[in-house]
Amino acid sequence: MTTDATLRDRLATPEADADDLDTRILDAALAEFESYGLRRVSVEDVAKRAGVARTTIYRRFTNKEQLLQAVILRECRRFLTAIAEATEDLASPEDAVVEGFVVGLQSARTHPLMTRVLTSEPEAFLPQLSMNGGAVMLAARDILADRLRRARPGDAEDHDTVAEVLLRLAVSLLLLPGGGLTLDDEDAIRAFARDYLTRMLRPGNG
């Protein structure tokens with residue numbers, strides 16, 4: 001089994017250029033998982049969609065679980081890239097908190113695979129979260145914390161803790177929707193983050 005530490009390192013490393021066949025297989029696997037969920041899809045289903053022999057997939061991915069992990073790793077990199085781009089060169093740590101929270105939550109809520117699994121087989125999602133959640137959480141935390149530090153250099157703020165609390169709140173809103181927080185659209189999410197989440201930041205030292 002791949003450890004959280006290994007996954008975190010892989011997430012932090014820029015994605016190597018995948019060859020056309022790898023891309024084709026992963027695209028086909030993602031489409032199958034989005035259409036039919038994690039449990040019902042077989043390697044043979046992916047092979048048919050990709051237009052390759054099943055043995056071709058097995059030469060690159062040992063089994064279905066390894067193929068699923070490769071799909072999840074690629075989607076997580078895309079998720080982290082979206083957070084990094086949204087928080088790049090912002091004027092203040094408050095802006096980084098707001099935009100990082102908005103993009104993270106909205107990206108997860110609208111991702112077709114995430115939507116499919118949470119809607120039809122949430123029990124299959126939890127093992128994936130427990131296996132990969134730590135690595136993804138830490139990688140996303142590091143990105144957001146880095147943006148907070150850049151926006152306020154020299155501040156003694158515990159940026160890692162602030163960033164992780166924001167991400168854990170976003171995960172709870174994703175997994176347990178409803179309740180008293182009505183965050184149904186981007187404007188509502190942004191206003192909530194601006195009004196409440198930025199309070200975790202101490203006033204600047206300068």
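Analyst: A helix crossing is right-handed if the near helix is turned clockwise from the far one by less than a right angle, and left-handed if anticlockwise. The crossing of H5 and H6 is right-handed. This is a predicted model, where local features need pLDDT of at least 70, side-chain atom pairs count only at 80 or more, and totals for chains, interfaces and linings use all residues. Residues are numbered from 1 along each chain as its sequence is written, and side-chain values use heavy atoms, leaving out hydrogens and water.

User: What makes H5 roughly antiparallel to H6?

Analyst: The axes of H5 (residues 64–86) and H6 (residues 93–110) cross at roughly 150° and come within 9 Å. Since over 145 degrees counts as roughly antiparallel, H5 is roughly antiparallel to H6.

User: Which residues make that contact?

Analyst: H5 brings Phe79, Ala82, Ile83 and Ala86, while H6 offers Glu99, Val103, Gly104, Ser107 and Ala108 (contact means heavy atoms within 4.5 Å). By class, six are nonpolar, two polar and one charged; Gly counts as polar here.

User: How do you know that histidine 159 is buried?

Analyst: Its relative accessibility is 3%, and buried means under 20% (1.4 Å probe, protein chains only), so histidine 159 counts as buried. Histidine 159 touches Ala145, Leu148 and Arg149, leaving aside residues up to four places away in sequence.

User: Where is histidine 159 found, and which other residues there are buried?

Analyst: Histidine 159 sits in helix H9, where Val162, Ala163, Glu164, Leu166, Leu167, Ala170, Leu173 and Leu174 are buried too. H9 (residues 159–175) has 17 residues and reaches 25 Å from first C-alpha to last, close to the 24 Å expected at 1.5 Å a residue.

Notes:
Axes fitted to C-alpha atoms, helices over the stretch in contact; angles between N-to-C directions. Helix = DSSP H or I, 4+ residues; strand = E, 2+ residues; numbered from the N terminus. Parallel < 35°, antiparallel > 145°, perpendicular 65-115°, else oblique. Expected span 1.5 Å × (residues − 1). Buried < 20%, exposed > 50% of the residue type's maximum accessible area, 1.4 Å probe, protein only.
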